[in-house]
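Biologist: Please take one helix from this model and look at it closely. Then set it in its chain, and tell me how the chains meet.

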Amino acid sequence: MYRYDEFDSAFVNQRVSQFKNQVERRLDGELTEDEFKPLRLMNGLYLQLHAYMLRVAIPYGVLSSTQMRQLAHIARTYDKDYGHFTTRQNIQYNWPKLKDVPQILQDLADVEMHAIQTSGNCIRNVTSDQYAGVAADEIEDPRVYCEILRQWSTLHPEFAFLPRKFKIAVAGGEQDRAAVKFHDIGIYMRRSDDGEIGFEILAGGGQGRTPMIAQTVRAFLPRKHLLSYVEAILRVYNQFGRRDNKYKARIKILLHATGIEEFRRQVEAEWEQIKDGEYDLPEAEMQRILAYFAPPEYEKLDAAGRDFEVHKFENPDFAQWVEHNVAGHKAPGYAIANISLKPVGGIPGDATSEQMDSVADLAERFSFGEIRVTHRQNLVLADVKQADLLALYRELCQHGLATPNHGTVTDIIACPGLDYCSLANARSIPVSQRLSEKLHEIARAADIGDLHLNISGCINACGHHHVGAIGILGVDRRGEEYYQISLGGSAFEDASVGDIIGPAFSADTVVSAIETIVRHYLEIRTDGERFIETYRRVGLTPFKEKLYDAH
Amino acid sequence: MGMYVITANRLSDGTVIYYTGAQNWSSWIADAFVCDSEEDTAALLESASSTKTFCDIVDPYSIEVYREAQTIKPVRYREAIRARGPSTHTSSTEKPMPPAAENQDATPDAFLNGL
Amino acid sequence: MTLIKNGKKIEDPFVTVSAEDALPVDSTQAIIVDVERWQNDKAEIMQRAGQIGILLEPDQSPDLIAADLANIDLFVLNFPVFSDGRGFSHARRLRETYGFTGEIRAVGHIIRDQFLFLHRCGVNAITLGKHLNEQDWDAAMDEFSLFYQNAVDTRHPLMRLRQSG
C-alpha cells in the first residue's frame, strides 16, 4: 500500500498545526461558531445531535494493521470504545471532544492518516473496489490512480468551495464493486483496441434527492491525461454548477440540464487548453506509486487443497461462512475473506476497539498486514491462503466477526440516522436491527440468496437506499417516523435506481412489510434466480398487490 | 398554549444542554426552565444567548415540550432522542441517568416507542 | 481603502464608479467599473489616461472581457459569500488562459483561510477589513510549504519535486 514520503508527512503535520491553532482560537472565543464551522468541517468535524462527530479519511478504504490499531486506540482513548465504518469507506467517531480533536489528528498523522476533506463542498475521499489488486478481471490496480487523485485533490486551491460536495470512484475492470455509476465522477480502467491502458470517464451520477446514473463523457482517456481531464470537468462544474439551491447543486443536475453532448463539448474545450505540459502524469511518478501497490510475495500454491474440502465437510458452519464470505483470488491457493460487521441484531458498520485490534492482528498473521473497508460497511482481508481460512474463521468467531452473511439480506447498509445525525428525519439503526433479526429467522428456513437491503434516515441517501434491491427511506410524516420502500435498485455495473412501491409504512409496520416482500419473492422465484432478477422479470405490481392487500 | 425550553450544545464536548435560567445550563432536561408562551420563550432565548460564558454554548434554540408524570418531555421525537441519547440497542452509548432523574424515563423500551 | 498587494500594505489608488455615477473628471484617476459599464462606455473609458479596472461578479467569466484584455490593468473578483468559489476559477483563467499579468484583487466576504488558495490561483491583492489584517496574510502564506497540484503560483507540485529529487 502507499506509504507517505517526507513530503506527505510534512504536509499532514502542517495541517494538524493549522487546525490546532483554529481550535484554540475558537475555545478562546476569538472565532465565532459561524467562522469556525467551515474550518472544522474541512477537517471532518461535525456537530451532531449529541456530540461532535469526526470523520476520518481511509483513502480508497485501505488500512495497514498499524493504522487499524491506531483507530482502535483513538476509539478507546477519546471516544466510547467503538467506531463506525461508513459507505464512503471511512470511519466515524461519534463522541470526540472538541478539545481532543487536534491530538486525535496528530495521532492520525503519526500513522499517515488525516481527516482532510471528509466534509464540505470539496473533493471528498476517493473510493475504490475493495478487491483492487486481487480481482482476476481487473486491467490494473485502480488504487494507483486513486492515490494520484487523492494527492491532486488534497487542498486543491481552486476546488475547495465548489457548489456542493464532489465524490470520485475508480474501479479496475468490468465488474463494478465501487458503485462507480453513482459518483460525481466515475472512472473505469479500460484497455484501448491497440492495448493501451487508460480510463473511461463518467460524470453526473449520484444519489440524494434526485438519483441519477452517471453518463460517459469520454470512452477512452490515456493514463497520462487523468489529472488534466478531471480538472477540466471540475472547472466546468465550479463555474456553471447551481449555487442557488443546495438540492440542485450537484454536478448531476448540471449535466442533466446541459445535456451530455454540450457538457462534453465544454469539458473537452477546457481540456484542450490545459492538456499536455504541467498536468501530464510523469511516467516516473506513476511508476513510483505503482511500486507501492505491487502484489505481495505470494507463495506458489496449488489451487484447491484437499484439506480445505475436508474442513468444509466436517464443519458446516465454516462451510457456510466460506460460501458467503470468501471470494476467489487471482493467485492460486489464495482467497479473499470478507469480515462482516453486520452481526444479527447489531449496528451495521460498528466495530469495537477490541475488534479493530483483533482484525489488525489477524491481518498481520494471515494477510500481509493489510485491511480494506468496503462501501457496504464491512472489512476485507484480501490475501489469505486458502489453507489458513479455517484458522482465520475460528479467530473471527472468538471476536464476533464471523457472521456468514456477506452479500445476503442481513448484510444491511444503514446510515447513522436520527440516533446520531442532525440531518436525519428518522432512525435507521433500530429499524435495521429489528429487520436483521426477523430476516435472519426467515433465512434460517430458506436460502434467500443475494439481496441488498439499504436504509437511509433521510433523503441525502447516505445509506444508499436508491440502489438497494430493497431500499428503505426514513421520512418525517406529521411528527412521526415513516419508512418508504423501493425495489429494484442496483449499484453494480447493471446500475439502476429503485422504484417506490407505494405509501410509506410506520415504524411499527415496516418490518412486516419487508417480510411480506421477501416471502413473496421466495414464493415466485425460479431456480437460482436472485431477488433483483425476479424483480426485473415480474416488476413492481405483484409485490405491490401483496404488500397493500396484506397491510 | 405550548410549553418551551431552550437547548444548545456545549462547545467543548458537544453535550446536549438545557437552559435553567439565571445564566446557567444543565445536561438534563428535567432541570430546564419552562416557559409557557412564545413571547416569554423569545425573551428566555435572548437571555440564554447572552450567557456570559456564551462562547461555551453553540447555537441555542427553543423546543416545544410537555409535562408527563412530573417530568418534562420534548414534543418532537428528534428532541426526545437528543434528550435521551441514541436509541440503538447497545449499552455503551446510553446516556447515564442522573441520580435525581432515575424515574423520568424508567425503561429504554418506553423510549424506543415501537422501534 | 487599504489593500494588501503582493504581500504589502498599500492605499488603493482606484475608485469604484457605480452604474449611476459619471466618470471622474480627472482623467488620470484610476477607476473600477462593472462589466456592463465597460461594454456600454468602452470608447469613452479608453480615452482616459488613468488605469482601468473591471469588476467581475461570480457569474461573469473573464471570457466576457477576453477581447479587451490588453487595455485592462486590474480585475476585481467579488465574493458575495465566501462559499461561492467561482472566483478561484476566474483568477486561474485570467492568469493561465489569457496570460493576464496585472493585478487581480479579491473583495467581499473572504476568510483568512482562503488567502493561500486565492494566492495560488493568481489573486495578488485583497482588501483589508475588520477581520482581515496584514499579519493574517503573512501567516497564511507560511501555513503550508508543500502542494500537491500545480497552480498559478510558482510553487511546484509534489509530483514534480519528487522526480527532480
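**A helix and its neighbours**

Modeller: The buried residues of α8 in chain A pack against three helices and strands of that chain, namely β10 (215–222), α6 (226–240) and α7 (251–258). Keep in mind that this is a predicted model.

Start with the length of the helix. α8(A) covers residues 260–274, which is 15 residues. At 1.5 Å a residue it should span 21 Å, and its end C-alpha atoms are 21 Å apart, so the two agree.

Now the sides. Which residues of α8(A) are buried? They are A:Phe263, A:Arg264, A:Val267, A:Glu270, A:Trp271 and A:Ile274. Seen down the helix axis, these buried residues fall within an arc of 130 degrees, so they line one face of α8(A). The spacing fits a general rule. An α-helix has 3.6 residues a turn, so residues three or four places apart point the same way.

The face turned away from the buried side carries exposed residues. These are A:Glu261, A:Glu262, A:Ala269, A:Glu272 and A:Gln273.

After the helix comes A:Asp276. Its phi is positive, near 70 degrees.

Step back to the whole chain. Chain A has 17 helices and 21 strands. Its C-alpha atoms fill a box of roughly 60 × 60 × 55 Å along the principal axes. A compact globule of 551 residues would have a radius of gyration near 24 Å, and chain A has 23 Å, which agrees. Of the 551 residues, 57% count as buried. Contacts also reach along the sequence. Of those in chain A with a separation of 6 or more, 67% join residues 24 or more positions apart.

Next, the partners. Chain A puts 26 residues in contact with 26 residues of chain B. On the chain A side, helix α14 (residues 429–445) gives the most, with four residues. By class, that side has 13 nonpolar, four polar and nine charged residues.

Chain C also touches chain A. Here 27 residues of chain C are in contact with 28 residues of chain A. On the chain C side, α2 (86–97), α3 (115–121) and α5 (158–164) each supply at least two residues. α5(C) gives the most, with six residues. The residues of that side divide into eleven nonpolar, eight polar and eight charged.

Terms used:
Residues are numbered from 1 along each chain as its sequence is written. Chains are lettered from A and ligands numbered from 1 in the order in which they are written. This is a predicted model: local features need pLDDT of at least 70, side-chain atom pairs count only at pLDDT 80 or more; totals for chains, interfaces and linings use all residues. Two residues are in contact if their C-beta atoms, placed from the backbone, lie within 7 Å. Ala, Val, Leu, Ile, Met, Phe, Trp, Tyr, Cys and Pro count as nonpolar, Asp, Glu, Lys and Arg as charged, and the others, Gly among them, as polar. The radius of gyration is taken over C-alpha atoms; the globule rule is 2.2 Å times the number of residues to the power 0.38. A residue is buried if 20 or more other C-beta atoms lie within 10 Å of its own, exposed if 12 or fewer, and partly exposed in between; C-beta atoms are placed from the backbone. The expected span of a helix is 1.5 Å times one less than its number of residues. The arc is that of the directions from the helix axis to the C-beta atoms.
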